[in-house]
Every structure is written in C-alpha cells, then in structure tokens.
Amino acid sequence: MFHWIVAGPNGELDWMFPNVTPEQMAVIGQLTSSVDTMILGRNTYLEQEAAFSNEASDLASAMNNLNKILFSKNLNKVEWQNSRLATDDPTNEINKLKQQDGKNIHVSGGSSLAKSFLELGLIDEPSFVYTSCNIRSRKNDFFRFC
C-alpha cells in the first residue's frame with residue numbers, strides 16, 4: 001500500500017506536530033508501524049532529518065529506522081540513517097519497490113511530490129491526517145488537482 005502526507009507550503013511540518021492531539025499521534029504511530037519505506041522530496045527530507053536524526057522519542061526512533069528514499073534534483077548526497085537517493089525515474093523506482101517483499105510504502109510531505117505521484121498513478125491509497133491549525137498559504141496546484 002502507498003500513502004502520503006502533504007506538508008506546508010514550503011515543505012515544512014512545523015504546522016503539524018505542535019498541534020497534534022494524542023488521538024492523531026496514535027494514528028501517525030499506526031501509520032508509521034505499517035510502513036518500512038518512506039519516500040521524501042528534498043524539503044521534507046531536510047526538515048525531517050533535522051527533526052528526527054538526533055531525537056530519542058519513539059516516533060524519532062521509528063522514523064530513523066525506516067528506509068528512506070529521496071527524490072531530489074538538487075541534493076547529491078544523503079546522510080540520515082537508512083536513506084538513499086532515488087536512482088531511477090519515479091515510475092520505475094516505485095514499481096521496483098512495490099515488487100519487493102515488505103510493508104507499505106509511505107510518501108511524506110511535499111504537495112509537489114504527492115501531485116506528481118498521483119498524476120503518474122503511483123499512489124494506491126491516499127491518507128490524510130487533519131490537525132487543528134491555520135495555514136495562511138498553501139500549494140493551490142495540489143488542491144486544484146484533488
């Protein structure tokens with residue numbers, strides 16, 4: 001199964017986690033435990049690496065232990081534990097992953113990445129986590145697509 005979460009307008013997640021209720025965190029925990037691979041774009045990768053790579057919480061441990069694949073035209077190396085750069089085009093990369101044994105694959109963040117994957121037919125099951133927050137700006141191209 002293939003899921004995604006859309007980040008803020010610049011790929012940030014700072015709007016989400018300070019506002020997450022215990023019930024929502026339980027959903028995030030269940031989602032995280034159902035996946036073994038996470039797909040990220042550059043902005044979300046950099047933000048999540050900074051947030052989780054040196055943390056000791058249960059969520060950080062789960063995030064650090066996941067296999068992470070970064071799709072980026074601008075980064076040429078990754079340093080976060082269990083991370084690698086995508087080496088093929090998105091369709092081939094994801095289809096190869098889907099053929100492997102393992103748990104679900106999760107796309108985290110980035111409306112541009114999610115929109116591209118939706119257009120390519122790569123997302124099997126969209127998942128949304130709603131939080132109580134006020135985002136003044138959003139990536140309208142993603143919301144028009146949906």
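Which residues make up the largest nonpolar core of this chain? Hello everyone, let me start with that one. The answer is a set of twelve: Ile28, Val35, Met38, Leu40, Tyr45, Phe52, Leu59, Ala60, Met63, Leu66, Leu70 and Trp80. Strand S2 (35–41), helix H2 (42–52) and helix H3 (58–65) each supply at least two residues of this core. A second core, separate from that one, has eleven residues, and Ile94, Phe117, Leu122 and Ile123 are among them. Before I go on, please keep in mind that what you see is a predicted model.

Now let us step back and look at the whole chain. There are six helices and five strands. If you walk along the sequence, you meet them in the order β-α-β-α-α-β-β-α-β-α-α. The chain has 146 residues, and 41% of them count as buried. On the outside, about 8300 Å² is exposed, with carbon and sulfur atoms supplying 47% of that area.

Here is a number I like for thinking about folding a chain back on itself. Take the contacts with a separation of 6 or more: 73% of them are between residues 24 or more positions apart.

Let us go to the strands next, and to S2 in particular. How many of the residues of S2 are buried? Six of its seven, so to speak, are tucked away, and the strand is mostly covered. S2 has partners that we can name. With S5 it runs parallel, and five bridges join the two. In that pairing, Val35 has Asn104 as its bridge partner, and Thr37 stands opposite Ile105. With S3, S2 also pairs in the parallel sense, again over five bridges. There, Met38 is opposite Lys68. You may remember Val35 and Met38, which are both members of the twelve-residue core.

What about S5 itself, residues 104–108? Four of its five residues are buried, so the rest of the structure largely encloses this strand.

Let me pick out one core member, Leu66. Leaving aside neighbours within four places in sequence, Leu66 is in contact with Thr32, Val35, Asp36, Thr37, Met38, Gln81 and Asn82.

Now for the aromatic rings. A search of the whole structure turns up two aromatic pairs. I will show you one of them, Phe71 with Phe117. Why is this pair called edge-to-face? The ring centres are 5.4 Å apart and the planes sit at 90°, and an angle over 60 degrees counts as edge-to-face. In general, a pair of rings is described by just those two things, the distance of the centres and the angle of the planes. Phe71 belongs to strand S3 (residues 67–71) and Phe117 to helix H5 (residues 111–119), so the pair ties together parts that are 46 residues apart in sequence.

Are these two rings' residues buried or exposed? Phe71 is buried, with a relative accessible area of 13%, and Phe117 is buried too, at 1%. In H5, the buried residues are Ser111, Leu113, Ala114, Lys115 and Phe117. After H5 comes Gly121, which has a positive phi, near 70°.

There is another ring worth a look, that of Trp80. Lys68 lies over its face, at 4.5 Å from the ring centre.

Next, two asparagines. Asn64 is in helix H3 and is buried, with a relative accessible area of 6%. Apart from neighbours within four places in sequence, Asn64 is in contact with Phe52, Ser53, Glu55, Trp80, Gln81 and Asn82. That brings us to Asn82, which lies in the loop between S3 and strand S4 (83–85). Asn82 is partly exposed, at 38% relative accessibility. Where does its backbone stand out? Most residues other than glycine have a negative phi. Asn82 is not a glycine, yet its phi is positive, about 60°.

My last stop is Glu125, in the loop between H5 and helix H6 (140–145). At 34% relative accessibility, Glu125 counts as partly exposed. Glu125 and His106 are 19 residues apart along the chain, and their C-alpha atoms are separated by 9.8 Å.

That is my tour. Thank you for listening!

Conventions
Residues numbered from 1 in each chain as written. Predicted model: local features only at pLDDT ≥ 70, side-chain atom pairs only at ≥ 80, totals over all residues. Heavy atoms only, no water. Buried < 20%, exposed > 50% of the residue type's maximum accessible area, 1.4 Å probe, protein only. Contact = heavy atoms within 4.5 Å. Areas by Shrake-Rupley, 256 points an atom, 1.4 Å probe, with all protein chains shown as cover. Phe/Tyr/Trp six-rings, centres within 6.5 Å; stacked < 30°, edge-to-face > 60°. Lys NZ or Arg CZ within 6 Å of the ring centre and 35° of its normal. Core = buried A, V, L, I, M, F, W, Y, C linked by side-chain atoms within 4.5 Å. Pairing = 2+ DSSP bridges.
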